Amino acid sequence: MTIWDIINKDVRAENETKRVIVTLRILYIVGLVASILDMSFAGIAVFRAFPYRMIGFLTANVCLFIATYILKTVPSLILFMLYFFAWTLLMIPCFGWSAGMQNYFIIILMLCFFAVHGRPRFKFFLAFCVLLIRIMVIGIFGGTKPEVEIGTVTDKLIQITNISAVFLSIILISYRFSQKENEEENKLMKYNDRLRKEADTDRLTGLFNRRKAEECLSYIEKSSDYPSVSLAMGDIDFFKKVNDTYGHDAGDEVLKYVAKTMTGFCPEGSIVSRWGGEEFLIIFPNVNGDDAFIILDKLRHNIKKDEIKVGDEIIKITMTFGLSEYDFGSKIDEAIKEADTKLYQGKENGRNQVVY
């Protein structure tokens, strides 16, 4: 068992989390190390002047640390605050005002907001009480010199020790009590991203769905960034026959194959969407009608020659496309209707063709 396993041991109460208790344990260790360093830097003279005070606080630190494994969160938190209040008030005369013992009040202040459970009004009341005590300490101990003479270098070392302990405690409290919120926020952001993606994506093919395609069309209609835009409506020929002959699972595999093939053939920046059923809409930004016709005809030839293997079955399909070039002076719905009309012209004229 490692030291961290000991510190991170769960609380006894089943209805309490261990976050506060573990934080208190670490703060006790930080305080103990800081106390030992303070005494070491100050030398034996300070220890001789206040032996009971020094031994008493070190003993209390260890005992209260052990108590966190026995007591519940609230009494452990109260005892911690009382301990650090007493530590600050009784150690200022030992090491002097310049040693920075009063800075430990910041730790208590942070715990009032992060560790204390209650309404915001109650937390602000506790913070106000800490402020009043801090002001009283200034009035009583401000400028106090140590009972035993401490050299300038030693005084600086004690200051560094205490301010480091306070800063380390602030970092610890901030990390421990924001970690869960950060994890929950990240989880929520990922969940929202997934919902947004699901709302825009056809679950079977992975293509944009009709809602997302219409959103893209609306953006293009309002934009003036494109020199040309071509629109194509594509439909799988005799798709109902595929479903009736091979089953709906085979039909799903055909749809996924078509989606993957169209995405691979269309140039970067193209928007391929499942418009509905076996019908697809392809948006070609910055592509004129002639170039779009060449792309679609290559796509049509590739789909015709490919074989789709589903289990033991080999399925061959063809597709028909209707193509139009968007006139920015008109509504984009008119270009969609034109592409749809040309698609059905291709269906009536024998299928497996691109009509432009």
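**Exercise 1.** Work out how much area the protein exposes and what share carbon and sulfur atoms supply.

*Solution.* Start with the method: accessible areas come from Shrake-Rupley with a 1.4 Å probe, and for residues only the protein chains shown count as cover. That gives about 19,900 Å² for the protein, with 59% of it supplied by carbon and sulfur atoms. Keep in mind that this is a predicted model, where local features need pLDDT of at least 70, side-chain atom pairs count only at pLDDT 80 or more, and totals for chains, interfaces and linings use all residues. Residues are numbered from 1 along each chain as its sequence is written, and side-chain values use heavy atoms, leaving out hydrogens and water.

**Exercise 2.** Set the radius of gyration of the protein against that of a compact globule of 356 residues.

*Solution.* Take the radius over C-alpha atoms, then apply the globule rule, 2.2 Å times the number of residues to the power 0.38. The rule puts a compact globule near 21 Å, but the protein has 37 Å. Next, look at the box: the C-alpha atoms fill roughly 105 × 50 × 40 Å along the principal axes.

**Exercise 3.** Check the span of helix α5 (residues 73-95), then say what follows α5.

*Solution.* Helices here are DSSP runs (H or I, at least four residues), numbered from the N terminus. The expected span is 1.5 Å times one less than the number of residues, so the 23 residues of α5 should cover 33 Å. The end C-alpha atoms of α5 are 32 Å apart, which agrees. After α5 comes glycine 96, with a positive phi near 90°.

Note on methods
Helices (H or I, at least four residues) and strands (E, at least two) are DSSP runs, numbered from the N terminus.
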